[in-house]
Every structure is written in C-alpha cells, then in structure tokens.
Amino acid sequence: MKSILVTGGEGQLALCIKDRISFYDDYKFIFKSSSELDITNESLVHTVIKSNSFDYCINCAAYTSVEKAEKEQKTAFEVNGNGPKYLAEACKLSGTILIHISTDYVFDGINKKKPYIETDIANPINVYGLSKLKGENEIKKSYKKHFILRTSWLYSEYGNNFLKTMLSLSKKKSEIEVINDQIGAPTYAGDLADLILKIIISSSKSYGLYHFSSSGTCSWFDFAVEIFNQTRASIIVDRISSADYLSNVKRPHYGVLDNTKAKSNFNINNKNWRDSLSSMINKLT
Ligand SMILES: NC(=O)c1ccc[n+]([C@@H]2O[C@H](COP(=O)([O-])OP(=O)(O)OC[C@H]3O[C@@H](n4cnc5c(N)ncnc54)[C@H](OP(=O)(O)O)[C@@H]3O)[C@@H](O)[C@H]2O)c1
C-alpha cells in the first residue's frame, strides 16, 4: 500500500482530494492540518516525513491571501518559500515524491496575448507571486523528484473563494461591481485534485513543472455573470476596471496558462470552465 501525506489538510484543494480518496483503496492518505504540521517548522517537517516513509507528499499548504501578503511579507515568504524548501529537502532524504501547487501569479500578465507556457519567464508583480516563485525555485534547487503544478483562479465548495463570495453577495445585494480587465481561467479545485490523483496512480516519472487550468478564458466579471446565470440569482453586475477597484495589491491583467504539456504527459482532457462550474453547482444543489 502506498502512503501519501497531504499538508494544508483543511484547505479547499486538500478537502477536494479527501472527497475523492474513497475510490483509492490501495492508497493510505494522511491529512495534516496547519496545527498538526506547520510546514515552516523545519525540524517537525523532517521528523514527520522521516518517520513515515511516505511515497508522495502533496503540498496543499500555502499562504493564499493575496491582499494580506502585501503587509505580511515575512509570513508569506516563510510559508510559500521556505515551507516548500523544507518539504523538498525532507522528501529528498526519504525518497518521497513531492507534488507542489503554484500559481499563474508568478507571471506579470503585461503585454501577453497568448497563454503562458512553462518556459515563459516568470516575473511576479506582487508579494504573493514572489513568495510562490521562491517556493518553486527552492524545490527545483533541492530535489529532482517533484511535480510543480501551476494553476489559476481556484474555486470549490470549500474555504474562501470567488464563487463562494459571489454566492454570498447575491443573497445580500441587488447590484455589485466586478473587475473586467483581468483575464484568466477559473479552475475547479476538484479537477486539480483529479489530476494530482492521476499522477500518483499512474506512477508517472515525468517530473517537472506543469500548467493546469480549465480551458477557455474569461474576466472576473464574466465569471461572476456565469455564476449568477447558473444559480439563477437576480443581481445586477456592473463592469469596472482594476484602476477603479480600491486595492493595495497589483494583479496580473492576463494569467491564462497553456496546458499542452500536462495534456500530453498525463493524458488529460481539460474541461471548459463553464462546464466545470456547472457540474460543481449541480452537485451543490
Ligand atoms: N486559491 C486560488 O485561487 C489559487 C490560485 C492558484 C494557485 N493556488 C495555489 O493552490 C494551492 C492550494 O490553495 P487553496 O486554495 O486550497 O488554499 P487554501 O484553501 O487557502 O488552503 C491553504 C491551507 O494551507 C494551510 N496553511 C497555511 N499556512 C500553513 C503552514 N505554515 N503550515 C501548514 N499549513 C498551512 C491553511 O491552514 P489555515 O487555514 O489553518 O491557516 C489552509 O488550510 C496553494 O498552493 C495556492 O497557492 C491557489
């Protein structure tokens, strides 16, 4: 039986993985919450990984508040930069394969008109993106047996995400403003969980960096409108530009990821973001 450690065990991606593991009898999953395993605690990371001889470690732990990261830089770098480093170093000593999640926010989104491929130059424009890029680089430097999966605009039935914010706003407000000049691909965390499990089940040795998102693109405005259409919420949505949105953080205007490499290596067929959203909403209702 193969054993798998999942860090950040109470986050939305980890919970989507947990929902799916009943189908995998030959695998033993151990989920550790942030209080059980703080990935910034180097010695604890080494102790936990050394004493369990896991086959895989899925790092779902991250500092994910893009807004707060601007003020809490030290913590963001600790969790997103040093945490993955400690995990990679500990995994190397135990021969545990590391699956780590990163983000389209490693790119600046400036002057980009076609989807980013894995070899495009990363150039983050905010602290969250910088800290996530540090995590990627630390892993690449420390340990070859890794899969780094960059994804974008994750949502699910769990945790805090754009979908849940919109659903909650639709119950409280009759009109909202949503940004229309940032383009990306909303990705259901359950689809990413499926890919992660597929990598494990297939025992793939095609280590490296991959992009994974739903297919198709939209703005946050389009995403909000689609959520309200699919849930039949009656709310007026007004377009605004990033410049009109009060925020202390810069966000890329374009973050679409090219999935060609993941498709050819893992034999996956990315769902369109609208279809994924619809199957998730159908499940909820
Ligand atoms: N959400 C997005 O839109 C998005 C987009 C692209 C990429 N990603 C990446 O996708 C991955 C999964 O994100 P997600 O949306 O599932 O995030 P999430 O729901 O915010 O979950 C992150 C988890 O990490 C835990 N955590 C924080 N600090 C920790 C630490 N020091 N040690 C151990 N655990 C810690 C959190 O626990 P507490 O709540 O107890 O702090 C939380 O359970 C992350 O790598 C993220 O950067 C996310």
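Is Ser 53 buried or exposed? I began my notebook with this residue, and I kept in mind from the start that the model is a predicted one.

**Entry 1: two residues with positive phi**

I looked up Ser 53 and found that it is exposed, with a relative accessible area of 52%, which is over the 50% that the word requires. Ser 53 sits in the loop that joins helix 2 (42-52) to strand 3 (56-59). What caught my eye was the backbone, where Ser 53 has a positive phi of about 35° although it is not a glycine. I noted beside this that most residues other than glycine have a negative phi.

I then turned to Asn 111, which is not a glycine either and has a positive phi of about 55°. Asn 111 belongs to the loop between strand 4 and helix 5, and at 72% relative accessibility Asn 111 counts as exposed.

**Entry 2: the ligand and its surroundings**

Next I asked which residues are closest to the ligand. I found 23 residues around the ligand, and the closest are Ser 34, Asp 38, Thr 64, Tyr 128 and Lys 132. For Ser 34, I read a distance of 2.6 Å between an N or O atom of its side chain and an oxygen atom of the ligand. For Thr 64, a polar side-chain atom lies 2.7 Å from an oxygen atom of the ligand, and for Tyr 128 I also wrote down 2.7 Å from a polar side-chain atom to a ligand oxygen. On its own the ligand has 900 Å² of accessible area, and the protein covers 78% of it.

I also checked which elements give two or more residues to this shell, and they are helix 1 (12-20), strand 4 (97-103) and helix 5 (127-142). Strand 4 gives the most, with 3 residues. When I sorted the shell residues by kind, I had 11 nonpolar, 9 polar and 3 charged.

**Entry 3: a search for disulfides**

How many disulfides does a search of the whole structure find? The search finds 0, and I looked at two cysteines to follow the reasoning. The cysteine sulfur closest to that of Cys 57 is in Cys 91, but the two are 4.5 Å apart and therefore too far for a bond, since a disulfide needs sulfur atoms within 2.5 Å. For Cys 60, the closest cysteine sulfur is the one in Cys 57, at 8.7 Å, so this pair is also too far for a bond. I noted that Cys 57 is buried at 0% relative accessibility, and that Cys 60 counts as buried at 16%, because buried means under 20%.

**Entry 4: Thr 187**

I went on to Thr 187, which is found in strand 9 (residues 187-188) and is buried, with a relative accessible area of 0%. A polar atom of the Thr 187 side chain lies 3.0 Å from the backbone oxygen of Ser 152, and I found a distance of 3.1 Å from a polar side-chain atom of Thr 187 to the backbone oxygen of Ala 185. Leaving out residues up to four places away in sequence, Thr 187 touches several residues, among them Trp 153, Tyr 155 and Phe 212.

**Entry 5: Ser 170**

Last, I looked up Ser 170, which lies in helix 6 (residues 162-172). Its side chain reaches the backbone oxygen of Leu 167 at 2.7 Å. Not counting residues up to four places away in sequence, Ser 170 touches Phe 228, Ala 233 and Ile 235.

Technical notes. Residues numbered from 1 in each chain as written. Predicted model: local features only at pLDDT ≥ 70, side-chain atom pairs only at ≥ 80, totals over all residues. Heavy atoms only, no water. Helix = DSSP H or I, 4+ residues; strand = E, 2+ residues; numbered from the N terminus. Buried < 20%, exposed > 50% of the residue type's maximum accessible area, 1.4 Å probe, protein only. Polar contact = N/O pair within 3.5 Å; in protein donor to acceptor, adjacent residues only side chain to side chain. Contact = heavy atoms within 4.5 Å. Near = heavy atom within 4 Å. Areas by Shrake-Rupley, 256 points an atom, 1.4 Å probe, with all protein chains shown as cover. Nonpolar A, V, L, I, M, F, W, Y, C, P; charged D, E, K, R; others polar.
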